[in-house]
Amino acid sequence: MTSFCPHCGAEAPTEGRFCMRCGKERSPQFPPPATPTALDQPLPPVPATPPPSAPPPSAPPPPPGPPAPAGPSPVGAFFGRAFRGDWAGAAQAALWPVGLLLVGAVALAVPGYGQNADADDFVGFGDRLRLALTVLMHGLGGTFRATASGGDSGSSLFDSSTGTSAGAIDLFMPPLLVPVLWCTALLIGVRMLRTRLLLAPPSPERTLGLETAVRVGLLAMGGTVVLALFGQPTIQQVEFHSAPFLVALCTLALGAVVTVAVFQRADIAQWLAVRPGVAAAGRAFGSAVRAMAWVLPLVLIAGFVVGIVADDGRDGGDVDSATGGSVAAGIVLLALYLPNLAVTGLGFVWGAPVEADLRGSGFGGSQYEHDSYGLGRLGDDVNSGAVVGVLAFGLVLALLVGVLIARRARDRRELYLGGGFFYALLLVLGAVSGFSMETSGGLTGELSFGGTGEGGLDLPQLLLFGLLWVGGGVVVAPYLLRLGAAQAPAASHQPPPPAEDFADAPTRTGSVLPPPPQGPPTPPPGVYGVLFAAPPPHPQEPDRRLGVWIGTLLGALVIGGGAAAGVLLLRDDGNGAADDARDNAPVAVETAQTDGTGAATQQPTPSPPPTTNQDTAVPSATPGIPAGYRRVVDPKGFAFAVPESWSRTGVKNNSQITYAGGGTGPEKYLVGVIPMAPYTSYENLQNLEKHAVDDPKKSGYRRIRLEPNTFQGRPGALWEYTYEDESGRTVHGIDQSYIAADGTEYAIFLTGSDAGWAALQETYRIGLDSWGLTDTK
C-alpha cells in the first residue's frame with residue numbers, strides 16, 4: 001500500500017519508517033501494528049489545520065485599510081432627524097399663531113381713532129397696521145419704545161413751541177390677551193399636526209415630539225419676528241421699537257413648550273407616574289390655573305353688569321380721548337386688555353386699591369402726583385352698601401377658588417399646594433397687569449425734562465389680602481364639599497362610594513397598582529375622609545353641620561373682609577374724597593413758635609371750627625408771631641406764618657400750594673411738596689435755573705445767588721433772582737428748598753415786585769423762622 005511522507009509529501013512504502021527523500025520519521029507507529037479488527041479501529045483523526053503560509057520574504061506587507069467612519073453623536077443625530085423632518089406640516093402648524101397676529105393687527109388698524117383725513121398729522125392705515133404690530137409684540141416679550149431724534153417740533157411727538165425736540169418714551173403695559181391667544185392658536189395647529197402624524201406609519205424614534213418642537217418653534221419664531229421687524233414704523237419723526245430679539249426668545253420658548261406638551265404627553269405621564277411628588281405639584285398647578293380661568297371671566301361679567309347699571313350717560317372722558325370717540329376703537333382696545341382688567345378687578349374686590357404715581361421734572365419745576373382708589377373711596381363715592389356688595393362678591397370668588405382646587409386635590413398637601421400656586425399666579429399677574437412709563441428728552445440742546453409713572457394694584461396690600469382670601473377659601477372649601485357629600489347620599493338613599501386612603505391609594509386614572517381589597521369601606525381620618533363618610537345616624541346631625549358651615553362662612557368673611565375693611569379705614573390715601581372729608585373735620589392743630597434759633601417748639605391750640613373752603617388752611621393766633629401775620633397749618637403737612645390778608649388759594653398737580661393776597665400783583669408763596677425726591681435741592685434748583693434762563697416769559701433773568709445751605713439742620717439750597725415778566729415789570733423771587741428727614745422735598749418760594757421787595761424780604765424772613773412740619777398730611 002502506498003503512503004506519503006507527512007513532511008515533504010514524497011511517496012514511500014508503508015512499512016518504511018523513515019522517508020527516503022527527507023530522512024524524517026514518517027510515523028511514530030513503526031513497526032506497523034497488526035491488522036486491527038473492526039472493533040479495534042480508531043476514530044479518524046481530526047485533520048490538523050495547516051500552518052498559515054508566510055508571505056515570501058521579498059514581498060512588502062499590505063498597507064492598512066482606511067479606518068471606519070465614526071457615527072454621529074446623539075445630539076447630532078437628533079438635530080439631523082429634526083432638520084430632515086416634515087417642514088411642511090410644521091409650517092402649517094406655525095401659520096396659526098402668525099396668522100392670528102396679522103388678523104389682530106388688522107383689527108386694531110381698521111378704526112380711524114377719530115382722525116381727520118384732511119389733517120396734516122393724519123396717520124394712514126399702513127402706519128396704524130405697523131404700530132398695531134408693535135403693540136402686539138409687546139405682549140410677546142417685546143418692548144414699546146418711542147424715540148424722536150429732533151426736527152420741527154410742530155411735527156414731533158414731543159411738541160414744544162421753541163426749537164427742536166428730542167426724547168424717548170418707554171412704556172410697559174403688556175396686553176396679557178396676546179400670549180394667551182398666541183399659545184391657543186399654536187395649540188390648535190400642533191394638535192392638527194399630531195392627528196395627521198398618527199395616521200402615518202409609526203416612527204421608531206421616541207423623540208418625534210422633540211424633533212417636531214424644533215421645527216415648529218423655529219418657524220413660529222421666524223414668522224413672528226418677521227412681523228415684529230415690519231411693525232417698527234416711523235410716524236412724524238417718531239420711531240417705534242419692539243425689540244425683535246426678545247420677541248424671538250419668548251416665541252421660541254412658547255412654541256417648543258406647547259409642541260412638546262402635545263406630542264410627548266404619554267411620555268410625560270409615564271415620567272410622572274414614578275415621581276408622585278412632581279405629579280402632585282403638576283396637578284396642583286393645573287388646578288390653580290383652572291381656578292384662575294374661572295374667576296377672571298366672572299370678574300369681567302360682574303364689572304360689565306355693574307357698568308351697565310351704573311351708566312349715567314356721561315362722556316367717556318379719558319377713554320374718548322384715547323380712542324378719538326371711535327366706538328370700534330374702544331371695543332378693540334378693551335378686548336385687548338380684558339385679562340389685565342380682570343386681574344385688576346380681582347385684586348380690587350379683595351381689598352387691594354388701584355394706585356397711580358407720576359413724578360417729573362422739567363420746565364415748570366419738579367412735580368409729583370399720586371392717586372389711589374380703593375374700597376374706602378368707593379364707599380365715599382357711592383355708599384357703604386357698595387362696599388358690602390364688593391366684599392360679598394369677593395367672598396364668593398374666594399370660596400369658588402377653594403372648591404375648584406379642593407375637588408381635584410387628593411390630600412391636604414395637594415390642596416394647600418394648589419392654593420399656594422393660585423396665590424403666586426395672582427401676585428405675578430397683578431405685577432404685570434399694570435403699567436409703567438419713563439420719559440426723557442430736551443429742547444434746543446439745553447432744556448431737559450424727564451419723568452416716570454406707574455399704576456396698577458397696590459402690591460403690598462395685594463400680598464396681604466390675597467393671602468387672607470385665598471387661604472380662607474382653601475380652608476373652608478373642604479367643609480363645603482363635606483356638606484354636599486353628606487347630604488347627597490341621604491337624598492338618594494344610596495350608600496356613598498368607598499373612601500380612598502390618600503396616602504396609599506393609586507391614582508384614579510392610569511393606575512399600575514393592584515385594586516384595594518374588597519370589604520366594608522373605612523373612611524380615612526381628616527378633612528378629605530368626610531367627602532366619602534356615611535350619612536349621619538341621627539336626623540339632628542345635619543342641622544348641627546349646617547350651623548358649623550354657616551359659622552365657617554362668617555369666620556371667613558370676618559377674616560378676609562374685616563381685615564380688608566379695617567386696613568382700608570386706617571390707611572391714608574393721600575388725596576381724594578377721604579382727604580377732603582378729613583381736611584374739613586375739626587382737628588387738633590399744633591402750632592410752632594420759634595425760639596430764636598430756627599427750632600420750633602410745639603404748642604397745642606384749640607381746634608378751629610370746620611370751614612367750608614376745602615383749600616383754605618387752618619389759621620391760628622400764636623404768641624411770638626408778629627402783628628399783621630397769622631400762622632397757617634396746611635393739610636400737606638407744614639405750617640408757617642403769612643400776612644393776615646393772605647390765604648390758601650389753590651393746589652396745582654397735588655404738589656404745589658399757593659398762598660396769596662387778594663390783589664393782582666405777583667406777590668405770593670408757592671410751596672412745593674415732593675415726596676421721596678430723587679435728587680438734592682441744589683441739583684433741582686440748578687435744573688430750574690436752566691429753564692428760567694431760556695423761558696421767553698422771563699426776559700432779563702439775573703441771578704443774585706444760588707448756593708447750597710443747611711435749613712433747620714437738613715441739607716438744602718437757596719436761589720434768588722430777578723426777571724422781567726411779559727408786562728415789563730421786574731419780579732423778584734427767592735426759593736429756599738430742603739430735603740426733610742422722610743425724603744420729602746419742601747420748596748418755600750416767594751415772588752413779588754422788585755420795587756416793594758424790602759417789605760417782602762421781611763415777610764420771607766418771618767415765614768422761614770416760623771416754618772415747621774406737622775402730622776396733618
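Which residue forms a salt bridge with E689? The partner is R703, and the closest N and O atoms of the two are 2.8 Å apart. Bear in mind throughout that this is a predicted model.

## The E689 pair

Let's stay with that pair for a moment. E689 sits in helix α18 (residues 681-693) while R703 belongs to strand β19 (residues 699-711), so this salt bridge ties together parts that are 14 residues apart in sequence. The two ends differ in how much surface they show. E689 has a relative accessibility of 10%, so it falls under the 20% limit and counts as buried. R703 comes out at 45%, so it lands in the partly exposed class.

## More salt bridges

Side chains of opposite charge can pair when their charged atoms come close. The count here comes to 12 salt bridges, and a few of them are worth a look.

Take D86 and R196, whose closest N and O atoms lie 2.6 Å apart. D86 is in the loop between α1 (74-83) and α2 (87-109), and R196 is in helix α4, so this pair ties together parts 110 residues apart in sequence. Both ends show some surface: D86 is partly exposed with a relative accessible area of 30%, and R196 is partly exposed too, at 37%.

Then there's R648 with D634, a salt bridge at 2.5 Å from N to O. Here the link runs between strands: R648 is in β16 (residues 647-652) and D634 in β14 (residues 629-634), so the parts it ties together are 14 residues apart in sequence. Both R648 and D634 are buried. Elsewhere, a network of salt bridges links E762, R765 and D769.

## How α4 meets α6

R196 belongs to helix α4, so that helix is a natural next stop. Helix α4 (residues 177-199) packs against helix α6 (residues 244-263) at an angle of about 40°, and their axes are 9 Å apart. That angle makes α4 oblique to α6. As for handedness, the crossing of α4 and α6 is right-handed.

Who does the touching? On the α4 side, the contact is made by W182, C183, L186, L187, V190, R191, L193, R194 and L197. From α6 come T251, L254, G255, V258, T259, V262 and F263. Sorted by class, the contact of α4 with α6 has 11 nonpolar, three polar and two charged residues. An α-helix has 3.6 residues a turn, so residues three or four places apart point the same way. You can check that idea against the α4 list, which includes L186, V190, R194 and L197.

## Under cover in α1

Back to α1, the helix on one side of the D86 loop. Which of its residues are buried? They are F78, G80 and A82. The cover over these buried residues of α1 includes α2 and α5 (208-230).

## Around L378

One last spot to zoom in on is L378, found in helix α12 (residues 375-381). With a relative accessibility of 13%, L378 counts as buried.

What does L378 touch, leaving aside its neighbours within four places in sequence? Its contacts are F348, Y373, N383, A386, V387 and V390. For L378 and V390, which are 12 residues apart along the chain, the C-alpha atoms are separated by 9.7 Å.

Technical notes
Residues numbered from 1 in each chain as written. Predicted model: local features only at pLDDT ≥ 70, side-chain atom pairs only at ≥ 80, totals over all residues. Heavy atoms only, no water. Axes fitted to C-alpha atoms, helices over the stretch in contact; angles between N-to-C directions. Helix = DSSP H or I, 4+ residues; strand = E, 2+ residues; numbered from the N terminus. Parallel < 35°, antiparallel > 145°, perpendicular 65-115°, else oblique. Left-handed = near helix turned anticlockwise from the far one by under 90°. Contact = heavy atoms within 4.5 Å. Nonpolar A, V, L, I, M, F, W, Y, C, P; charged D, E, K, R; others polar. Salt bridge = Lys/Arg side-chain N within 4 Å of Asp/Glu carboxyl O. Buried < 20%, exposed > 50% of the residue type's maximum accessible area, 1.4 Å probe, protein only.
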